[in-house]
Structure formats: C-alpha cells, structure tokens
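Here is my note on the model you sent. The points run from a term that the reading depends on, through the overall fold, to single residues.

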Amino acid sequence: MMDTNTFLWEINQDRPEEYAVLMYDAFGKMGSNVEGGNTNQPGLLQQCHSAHSPTFSGKYCQVFLRQGTIQYFVGICVPDSCKEEEVQLLVLHGRFQFGQMSLIPPLPPILVNQSTQEMIMTHCLSNNIAPDASDVTCLFVCCIMVAIPLAATLFTAIIRWQQKREVSPTVESSCLNSGLNPYGTMKTNGSSSGEINSRTSEENGNTRDRSLCFPRSCVHRCLQAFSLQITSQGVLSTSSSIPGGGYSSLNGIRVLSLFWIICGHSAQFPVINNLDNYKNWRKTVERNPLYVLTISGPVFLAVDTFLLLGGLLSARSLLGSIHRAEDKLSPSLVAEYLFKRIKRVQPLHLFIMCLTIGLISVVQWGPYWFPFIDTLMDCKTYWWANLLLISNLLPVHEICVPWTWYLSLDFQCYATTPLLVYLYRLNRGVFSVVAGGLLLMTTAAGAVITALLQLPVFQPSTLTSEHYVLYYYVKPYTRYGPFLIGILTGIYLTTRKDRLLKQKWQAALGWVGCLSLMAVLVGLAYILRETPTYPSLPHALYQGLHRPLWALAVTWIILACEEGYGGFIKSLLSFGLWVPLSNISFACYLTHPVFIILYIGLQETPIHYTDINFMYMFLGHLVLTFVVSYVFTVLVEKPYLLLKWSSA
C-alpha cells in the first residue's frame, strides 16, 4: 500500500519522477474502433517492467472486466511488491486515480449501454522466469534428443575419415555387393519421410533390416542411423522413389493441403486472441467465399484430405507387408505394422510436446499470453494421453498441445485397417457390408450430434461454439468417413487388374462432377452460415455428409491422375518441388503452431486485420516452418524411422 500510494502521489506532482511517468504511460487506454472490436486495452508490458523507483519496480497486471455484453481487459502497472489479490482489492476500491480521473475508466455510454464495470478476475505477469521440475525435464529431453544425432554425426564423420585412409579394395567390394557404400553407410535412393508419405520405408515396405559393413556393434550401428550423413540423404531430393512411379499426385495434394492448414491457423490463432478489429474481420470473411482459403466456410477440409491419404497409404502398406509375408496376415505382422506407425509418429510428436512445454515456461510472454498457460497446465496433467495417442478422447480444453489431436485420431483410424483388410481377404460380401455400415454410422453420428446440439457448420461461427470441437470435430466416430474411403481407395489401387476409366467421356464426366461437388460443398457452408437455434435438418445433413463427399472428390482426382486422365492437374500435383516439401510435411504440421503461438504471445499490442497483414504473417510462418521442420526431420523424425532393431 505504501508503494502504491507513493506511485499515485508521484504522478499527481507537477514534475513527477521518470519511473512514475513510465508506469502511468504503461496503463492501458481506450483506442479507436471499439465498435469494430478493439475493446482490449493492453498497455505496455515492457515499459512497465523498465520502470524502477528507489524502493520498487513496475509489475504488469491485467484486469478482466465485463461491461454490459462486452468483456475486455485493461493492462495496469503496479509496484512489484503488490500481490495478485492485493491488486484486485485496489481495483475494487477504486484506488487507481489520476487526479479525479480513474486510471481504469469504463467505456463511455455512447459505445456501451451499461456504464457499470464488473470485475471478472485479475492476473499479474511475473517479472522473472521460474521453470519448475517438469519444465526442466522437458527441456532436458529436447536437448538429449538433439544432442544424440549431433554426437552420432561427429562419430560417423570420424569413422569415415579413418576408414577413408584405411579402406581396402576387398572391403570396398564387399560393401558394394551388400548394397552399402565403402564407408559403411546405407545407400539411399531419395526415399522421404514426409507425413503419410508413400516413400517412407513404412509405406513402400521395400527396405529390410541389414547390418552395416562396419562398425559391427549394435551401438555403432544405431549411432550411424542417427547421424546426419544418413538422415539428410534424400530429404531435399526432387525425384520420387515410389515403386513403379505411381501415386506421384499425392505429393502435391499433401503439400497444398498443408498450406491450407497453415494458412487457416495463421488466421485462426490471432482471431481468437488479439485482433483489434474482430467484428470488421468477421463481416468480411462471412461474405466472401475466397476466404475459404484462410478461415471461412467449411472447417478445415484439408484435414479430411490428410485422413483420406492416411487411409489409402495404410491399406497399401499393409497389403504390401502381407504380400512379402507369403500372403499371410498374422498377429505378429499386425503388431509390427502398428509398431512401425508408432515409431513413425511418436518421437517427433513427444519432442514437440516437450519443446512447447519448455518454451511456455521460459519465454517472457506479452499481454496475450493467457490462452497458452492453459496449454501448459493441460500438458502437466494430461501428457499421458498424448503418449497413448488418445488425447482426442479427452475434453478439448484438456488436450496437451491442442493441434496434436489429429495424431491420436489418425492412429485410431490406422488401427482399424488390419481388420478391414482381413475381412476383405476373408469374404468380399462381409467386407462390403461392414465398410458400408461404418460409413453410414459415422455419417449418421455427425448428423445426429449436429441436430441435437444445434452445432454450426460454418467458420468463424465454430470458433465460438465449445460443443462443436468438444463433441464433433476431434472425435473418431464423426471423422472416420474420409479415412475409410481412403482404405477402400488403397485396396482398389493395390489390387486392381484393369483400368476403371476406359473412355475420355467418362473422365470428362468425372472431372465435371468432382469440381462441381467441391464447389457445392463450399457454397452450401455459406448458405448455412447462421448457427441454428433449433434442430436443423439442412445443417445436420450437411455436417454428416460434407466430409465424406469431399474425400470422394479428392479420391476422384487421385484415380484420374493414376489412370492417365489428370492432364495439367496431374502435372501440377506431380511437380518435383512438392517432393522435398512432402518429405518434411509431418514436421511442418507439428511445428507451425509453435511459431504462431510465439508470434502472438510475444505481441504487446493487438494485431490489426488487413489482407496484406495476414498474407505476410502466413508467408513468414511458412518460411520459418520449412526451415525448422527440415532440421527437426533429420534430427528427430528420420533417425527413429531408419533405426532397425535387428541386424538380420
């Protein structure tokens, strides 16, 4: 109280001390465009922290208020001797005064009908960084996961240098005959490690466990698998190594879908947290279908494209493994199939989880930090759900690193592939009934949930609907349809004996139907953009059907490209530049929200929406994501993918 009185007395002097001027100036003040959504008054956090009196320093706090229907926060600068509950009492008793004027004035009556302020809560940001034991553990795990490949790289470089001096023609010949180069490293043909990538050893299944020519010990062999000399090979190659040259269109589909997701998240995160013209933004995107490329219209159809690709490649991978196992689908083969997927996904997944927890604990966040503290608390409580790949079954506000819900959903869908392939090989009729029943049930589940809970089908309305994400968006029983269609497509492409399309008119009719269906699915979302206030049949039917129908449209594109009727679209989707981007796409998906969170969380002032601002944010996030994702791919993801547990 003494420090607060000193500060308040000082700012009312004719010539106040510099620290008092800085603290006063750091208080949040009402800006323009309150009608457009600029209600928050963040003030200046760093300026507050830079204020130092002889007896105290500035401490930044946020006061969350409700005035009528408007909720907002005001940033204030108080002496660092004040505790959070003391700040709350000072605000409640109206102690922050500059002359006769309150330093936290209400919004004027001309803008808000209700002039009385109701305090919701206060929260103060600490001037010091104090990570706890779990934060330190996470950072230590990240350091170890990066240090091992770097040490392995140094080890391999030393061994290569020694071997280059001592290698004999006999050893060189032996290595060449065994498919290895003279320096004891595996020959590669440009195979990639992208998300759901058909060029990984998991999907094409054409790699076998084999011992390195030297050194022979397991430790040395593992170290070489972790070395950058091995893991960096082929990642940036523009040549596809898919057996037979098939499925080349998947590279473009995967990367363009990734662009769509990153673009959507680049808009979604600031929209949720810190736009100063949210109402203006919403009016703009609700009226223009072109904004479907960011965050308008149907919700992230690119995710359903990824599910389709996942189903296609999972069926192809399993059928390839069965063929190599003398046409036998055994429990051990299924176990190996699932283990490969876990080995494929979990190392980088857990690395990003630990990295996010560590960053949140050591970064000095700005006034828009508060959504991310929830993420930190969730991770410390529910990290085990990410480890078991069941995080999407938790309430969405309890998911650690929220964007990783997709990995849990993908693995749950992936685990159903062996059963469906078994039924396909056992009895085609039973398989058709089961597959049709599953597709019908997942469609009905989405429709019924939408009708009962009166869910929206249109972004940005879904951003304010807690039930939409909680009961529909992340659940396997509502999102399984596209993955199932992918499994059916993968089985057909792997087992087909003849072409499906035999005439050009069939291809032309298919393309017209495909593009028309995509346009209708996007357009209907704008027609149904209002959130229903009663159980709505149109909303329910659209919610249940639009994701499987989108997957069918993308399936047509894949089939047409595979059967020679893709034209310039196949040329675009098979463009060589997509290959290296596809190789790092899994890391890109996991990494890009970290950059967006850092960008938003470090902002001291709100972001102003304009198309050019959002375009630059998207491009900045995209470039940083590509660079760091390449590093994470070769350091964290690919070593475990290449690691073999047997030398046989």
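1. A residue is called buried when its relative accessible area is under 20%, exposed when it is over 50%, and partly exposed in between. Thr381 has a relative accessible area of 45%, so it is partly exposed. This residue sits in helix H14, which covers residues 370-387. Its C-alpha is 9.4 Å from that of Ile399, a residue 18 positions away in sequence.

2. Please keep in mind that this is a predicted model. The protein has 25 helices and five strands. Of its 648 residues, 54% are buried. Among contacts with a separation of 6 or more, 79% are between residues 24 or more positions apart. The exposed surface comes to about 28400 Å², and 64% of that area is supplied by carbon and sulfur atoms.

3. How many residues does the largest nonpolar core have, and which have the most contacts inside it? The core has 157 residues, and Ile76 and Phe96 are the ones with the most contacts inside it. Helix H12 (residues 301-324) gives the largest share, 13 residues. Another core, of 11 residues, lies apart from it and includes Ala267, Ile295, Tyr609 and Met617.

4. The surroundings of Phe96 can be listed, leaving aside neighbours within four places in sequence. Phe96 is in contact with Thr4, Leu8 and Phe27. Its other contacts include Ile76, Val78, Leu90 and Val91, along with Met101, Ser102, Leu103 and Ile104.

5. The second largest pocket holds about 700 Å³ of space. Its lining has 24 residues, and those nearest the centre are Leu256, Trp260, Leu293, Met518 and Trp550. Four helices each give two or more residues to this lining: H10 (249-273), H20 (504-527), H21 (537-562) and H22 (567-573). By type, the lining divides into 20 nonpolar residues, four polar and no charged.

6. Helix H25 runs over residues 611-642 and contains Ser629. Thr625 lies in H25 as well. Is Ser629 buried or exposed? With a relative accessible area of 0%, Ser629 is buried. Thr625 also counts as buried because its relative accessibility is 0%.

7. The contacts of these two H25 residues, again without residues up to four places away in sequence, are as follows. Ser629 touches Ile584, Ala587, Cys588 and Thr591. Thr625 touches Ile262, Cys588, His592 and Phe595. Cys588 thus appears in the contacts of Ser629 and in those of Thr625. Thr625 and Ser585 are 40 residues apart in sequence, with their C-alpha atoms 9.7 Å apart in space.

8. Helix H8 (residues 218-226) has Arg221, Gln224, Ala225 and Phe226 as its buried residues. Against which helices do the buried residues of H8 pack? They pack against H5 (133-166), H9 (228-231) and H25.

9. Two residues other than glycine deserve a look for their backbone angles. Glu326 has a positive phi, near 60°. Glu326 is in the loop between H12 and helix H13 (331-362), and its relative accessible area of 65% means that it is exposed. Leu389 also has a positive phi near 60°. Leu389 belongs to the loop between H14 and helix H15 (405-414), but at 5% relative accessibility this residue counts as buried.

10. Where is the cis peptide bond that joins Gln459 to a proline? The bond is between Gln459 and Pro460, with omega about 15°. Pro460 lies in the loop between helix H17 (428-453) and helix H18 (466-473).

Methods: Residues are numbered from 1 along each chain as its sequence is written. This is a predicted model: local features need pLDDT of at least 70, side-chain atom pairs count only at pLDDT 80 or more; totals for chains, interfaces and linings use all residues. Side-chain values use heavy atoms; hydrogens and water are left out. Buried means under 20% relative accessible area, exposed over 50%, partly exposed in between (1.4 Å probe, protein chains only). Contact means heavy atoms within 4.5 Å. On a 1 Å grid over the protein atoms alone, a cavity is a set of points where a 1.4 Å probe fits but cannot get out, and a pocket is an open set with protein on both sides within 12 Å along at least five of seven lines; lining residues have an atom within 4 Å of a point. Grid points are joined across faces, edges and corners, and a volume is the space filled by probe spheres set on the points. Ala, Val, Leu, Ile, Met, Phe, Trp, Tyr, Cys and Pro count as nonpolar, Asp, Glu, Lys and Arg as charged, and the others, Gly among them, as polar. Accessible areas come from the Shrake-Rupley method with a 1.4 Å probe; for residues, only the protein chains shown count as cover. A nonpolar core is a set of buried Ala, Val, Leu, Ile, Met, Phe, Trp, Tyr and Cys residues joined through side-chain atoms within 4.5 Å.
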